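Okay, thanks for coming, everyone. I'd like to walk you through a structure that's new to most of us, so have a look at it first.

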Amino acid sequence: MKKYLVCLIGFLLFLTLSRCAPIVKTDLKSFQENPEKYKGKEVIITADIKSVVGDPKAYRGKNIELTGYVKLDGFRRTKDWGFLLEDKEGRSILCNEREYRVTSWIMPVIALRRAEKENKQVTVEGKLLKNLEIELDWIEYEGQHYDTDFKPPQFWVPFF
């Protein structure tokens, strides 16, 4: 019992000392004007597709949040999957999740198919890479949040 109590106190102390950085959403202008305000925080830059396409260097390497319409390309790749996020004027950004199909979770794919079919907007968050490509962290559709990095547990059933 004493070992259990010592482990519990140690775990609680660890959690207290290793807190997670708070997540803050802001626009690019506010972030550039006062970067000290965001030190020690995980910053998500909210933007629209027009702004990112117009000045990709300003957003490159930052976590950004965008909203737009889904256009699936229909091409299945082996190690990743992706789709285009478009605005009403036809500007688009490629959204990718690498290593997804190794152990895939089908729920984000189903949500994206529904969004494309119903012509509804989705919100995505991820890091903007070169060539207007976003490495996804999550997708939100109709109030449902999908973590694209989630890999469901696998249960292997041996066949005799």
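**A quick tour of the chain**

Let's start with the wiring: of the contacts in the chain between residues at least 6 apart in sequence, 47% join residues at least 24 apart. Please keep in mind that this is a predicted model.

So what's in there? The chain has 5 helices and 8 strands. Reading from the N terminus, the elements go α-β-α-β-α-α-β-β-β-α-β-β-β. There are 160 residues in the chain, and 31% of them are buried. On the outside, the chain exposes about 11,000 Å², with 57% of that supplied by carbon and sulfur atoms.

Now the inside. In soluble globular proteins, nonpolar side chains tend to be buried together. Here, the largest nonpolar core has 28 residues. Which residues have the most contacts inside it? Those are L66, F83 and V124. As for where the core comes from, strand β7, residues 133–141, gives the largest share, with 4 residues.

Let's take L66 and see who it meets. If we skip neighbours within four places in sequence, its contacts include A47, D48, I49 and V52. L66 also contacts L85, I93 and I134, plus a run of three, V122, T123 and V124.

T123 is worth a stop of its own. You'll find T123 in strand β6, residues 121–129. Is T123 buried or exposed? It counts as buried, because its relative accessibility is 16% and the cut-off for buried is under 20%. Its side chain makes a polar contact with the side chain of T67, at 3.1 Å. Leaving out residues up to four places away in sequence, T123 touches E65, L66 and T67, and also W138, I139 and E140.

That brings us back to β7. Strand β7 runs antiparallel to strand β8, residues 144–147, and 4 bridges join the two. One pairing to look for is Y141 with Q144, its bridge partner in β8. The two strands form a hairpin with 2 residues between them. In that turn, E142 has a positive phi of about 50 degrees.

Next, another buried spot, this time with a polar side chain. N96 sits in strand β5, residues 92–98. With a relative accessibility of just 4%, N96 counts as buried. What does the side chain of N96 make a polar contact with? The partner is the side chain of E133, at 2.7 Å.

Last stop: the aromatics. How many aromatic pairs does a search of the whole structure find? The search turns up 1. The pair is F31 and Y38, with ring centres 5.7 Å apart and planes at 45 degrees, so it's classed as tilted. Y38 is buried too, at 8% relative accessibility.

Both of those rings have a shared acquaintance, V43. This valine lies in strand β2, residues 42–46, and at 14% relative accessibility V43 counts as buried. Not counting neighbours within four places in sequence, V43 is in contact with F31 and Y38, as well as V24, T26 and N63. V43 and F31 are 12 residues apart along the chain, and their C-alpha atoms are separated by 8.6 Å.

That's my tour. Have a spin around the model yourselves, and we can talk over anything that catches your eye.

Definitions and conventions
Residues numbered from 1 in each chain as written. Predicted model: local features only at pLDDT ≥ 70, side-chain atom pairs only at ≥ 80, totals over all residues. Heavy atoms only, no water. Buried < 20%, exposed > 50% of the residue type's maximum accessible area, 1.4 Å probe, protein only. Polar contact = N/O pair within 3.5 Å; in protein donor to acceptor, adjacent residues only side chain to side chain. Phe/Tyr/Trp six-rings, centres within 6.5 Å; stacked < 30°, edge-to-face > 60°. Contact = heavy atoms within 4.5 Å. Core = buried A, V, L, I, M, F, W, Y, C linked by side-chain atoms within 4.5 Å. Pairing = 2+ DSSP bridges. Areas by Shrake-Rupley, 256 points an atom, 1.4 Å probe, with all protein chains shown as cover.
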